[in-house]
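Q: Please take a close look at a single part of this structure, beginning from one residue and working outward to the elements around it. A connected account would be preferred to a list.

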Amino acid sequence: MTEREVSVTSDVGIHARPAMTFVKEAMKFPCEIFLVKGGIQANGKSIMSVLGLAITSGSKLIIKADGEREQEAVNVLAMLVENDFKDENG
Amino acid sequence: MQRDAIYIHDLLGKTGKSDLQLHLVAGKEGLDKEIPVGDINRPGLTLAGFFDFFAYERIQIFGLGETAFLETLPDERKGEIFEKFFSYDVLCCIFTHSKHPDDIFRTYADRNKVPTLVTDHRTTKFISLLTHIIEDAHSPKITVHGTLVSAFGIGVLIIGKSGVGKSECALELIERGHLLIADDIVEIRRIDERYLQGSGSEIIKHHMEIRGLGIINVRDVFGIRSVRNRKRVELVAELEEWKSEKEYDRLGIDEQTYTILDLEIPFITIPVRPGRNIPVIIETAALNLRLKKMGVFSAKELDRKIQDWLKSKKNEIEKKESDD
């Protein structure tokens, strides 16, 4: 189990599109991925789950991964959140 | 496992199903205090001057008796009593039967930031409503990744790995006239230590994500008859990809259970394979559970029938042999 705390810096928080970007990225990893906010744990591979956390700007999030390539997954996803959900491609 | 915190300001306005009909009369600054326990205290003895065992950390309920007693006191005696009463860190005072506290009480309450409220309810009725609301908020809860539907009135929690088809299965069940409670995030509370109640997250309520379609609002697409807000969880169905090496339950005589918040719930594992109609299996499981609740246990009945038949055959053969 690898986990890291990140804070959401993007002004609008995590709405539909950022959630989709996050989930798409999470789906690329074979391990289980969770997002924890305020004690509630959501499945990082499910859009509804991520949206349901109601992640506002400035929220503290814990990204957890368990299984194959967990380290890499946490690194990539933490980076994504910290970069306000902009992929390298644009 | 977590519990929600409940604050005094939560009691004002509508709390869930019941309305406490509370109005604030003093001590506005204390409204943000947290209510730590569901117990209440009737401060009759305390007002009479007996301060031992004063449960000041609970909500103080002033019923007709307390109010009538206060009215008999001369002002200087009131001052003495309130001085001592409010020297404790009193959580909150509530007057029932629409009886308002007098100016002296309100002055003390304001000064000590003790929220003081008046309700129109009778004392006993109010206490039962209040205890219910606080216990509800304090009931332990967890969030489960799954889908909660109500099939033939049985609350079925469908769990399983991402992408195994929980949402699709729920969609088919909704299409067949069953109800969706929550998809993906299911909040489960243990009520009265007796049963589990599931509901959805407030913000994504009744929305589903279907691969290939995206997000749909079930309430808008299928109408109000296809959703409900909360439901008792009575059956857990786990969907998993068919593993050829795994033995699946073929008889259903041994009942399996799944533990949520220390309560055991009937549990089935449904192997998923192309061509297997999972919604029908879930419908049947729900019906079967209803039958069991009414005392009819299909697998055991059949077993008993077979055993009876075998016994009668054996008797017939023995009889024949002895006749010969």
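A: In this predicted model, Arg189(B) lies in strand S10 of chain B. Is this residue buried or exposed? Arg189(B) is buried, because 21 other C-beta atoms lie within 10 Å and the threshold for burial is 20 or more. Leaving aside residues up to four places away in sequence, Arg189(B) touches Ser139(B), Lys141(B) and Gln197(B). Of these contacts, Lys141(B) falls in strand S8 (141–151), and Gln197(B) falls within strand S11 (residues 195–200) of chain B. A further relation links Arg189(B) to Arg232(B): the two are 43 residues apart in sequence, and their C-alpha atoms are 9.4 Å apart in space.

The sheet that contains S10(B) puts these relations in order. In chain B, 8 strands form an open sheet of mixed pairing, in the order S14-S11-S10-S8-S9-S15-S17-S16. S10(B) is thus placed between S11(B) and S8(B). The sheet ends at strand S14 (230–232) and strand S16 (256–260) of chain B, edge strands that each pair on one side only. From one strand to the next, the twist averages 40 degrees. At the S14(B) end, strand S11(B) and S14(B) are paired in the antiparallel sense over 3 bridges. One residue pair in this pairing is Ser199(B) with its bridge partner Arg230(B) in S14(B).

Two helices of chain B lie across this sheet. Helix H7 (residues 166–175) lies across S8, strand S9 (154–159), S10 and strand S15 (235–241), and runs at about 35 degrees to S8(B). H7(B) has 7 buried residues out of 10, and is therefore largely enclosed by the rest of the structure. The buried residues of H7(B) are Lys166(B), Ser167(B), Cys169(B), Ala170(B), Leu171(B), Leu173(B) and Ile174(B). Just after H7(B), Gly177(B) adopts a positive phi of about 100 degrees. Helix H9 (residues 278–293) lies across S8, S9, S15 and strand S17 (263–272), running at about 150 degrees to S15(B).

Helix H10 (residues 298–323) of chain B presents another picture. None of its 26 residues is buried, so H10(B) lies largely in the open. The length of H10(B) is consistent with its residue count, because 26 residues at 1.5 Å a residue should span 38 Å and the end C-alpha atoms are 37 Å apart.

The strand that holds Arg189(B) also contributes to the nonpolar interior. The largest nonpolar core has 61 residues, and those that touch the most other members are Val50(A), Val149(B), Val156(B), Leu157(B), Ile158(B) and Ala237(B). Strand S10 (residues 179–191) of chain B gives the most to this core, with 7 residues. Apart from this core lies another, of 30 residues, which includes Leu47(B), Ile61(B), Ile81(B) and Ile94(B).

Val50(A) leads the account into chain A. Not counting residues up to four places away in sequence, Val50(A) touches Ile14(A), Ala19(A), Phe22(A), Val23(A), Leu35(A), Ala42(A) and Gly44(A). Two of these, Leu35(A) and Ala42(A), are themselves bridge partners, with Ala42(A) in S3(A). That bridge belongs to the antiparallel pairing of strand S2 (residues 32–37) of chain A with S3(A), which are joined by 4 bridges.

The sheet of chain A is open and antiparallel, with 4 strands in the order S1-S4-S2-S3. Its edges are strand S1 (2–7) and strand S3 (40–43) of chain A, each of which pairs on one side only. The twist of this sheet averages 25 degrees from one strand to the next. Helix H3 (residues 70–82) of chain A packs on the sheet and touches S1, S2 and strand S4 (60–66), with its direction at about 5 degrees to that of S1(A).

Taken as a whole, chain A contains 3 helices and 4 strands, which follow the pattern β-α-β-β-α-β-α along the sequence. The radius of gyration of chain A is 11 Å, close to the 12 Å that the globule rule gives for 90 residues, so the chain is as compact as a globular protein of that length. Buried residues account for 39% of the 90 residues in chain A. Of the contacts in chain A between residues at least 6 apart in sequence, 71% join residues at least 24 apart.

Conventions:
Residues numbered from 1 in each chain as written. Chains lettered and ligands numbered in written order. Predicted model: local features only at pLDDT ≥ 70, side-chain atom pairs only at ≥ 80, totals over all residues. Core = buried A, V, L, I, M, F, W, Y, C linked by C-beta atoms within 7 Å. Buried ≥ 20, exposed ≤ 12 C-beta atoms within 10 Å, placed from the backbone. Contact = placed C-beta atoms within 7 Å. Pairing = 2+ DSSP bridges. Axes fitted to C-alpha atoms, helices over the stretch in contact; angles between N-to-C directions. Expected span 1.5 Å × (residues − 1). Rg over C-alpha atoms; globule rule 2.2 N^0.38 Å.
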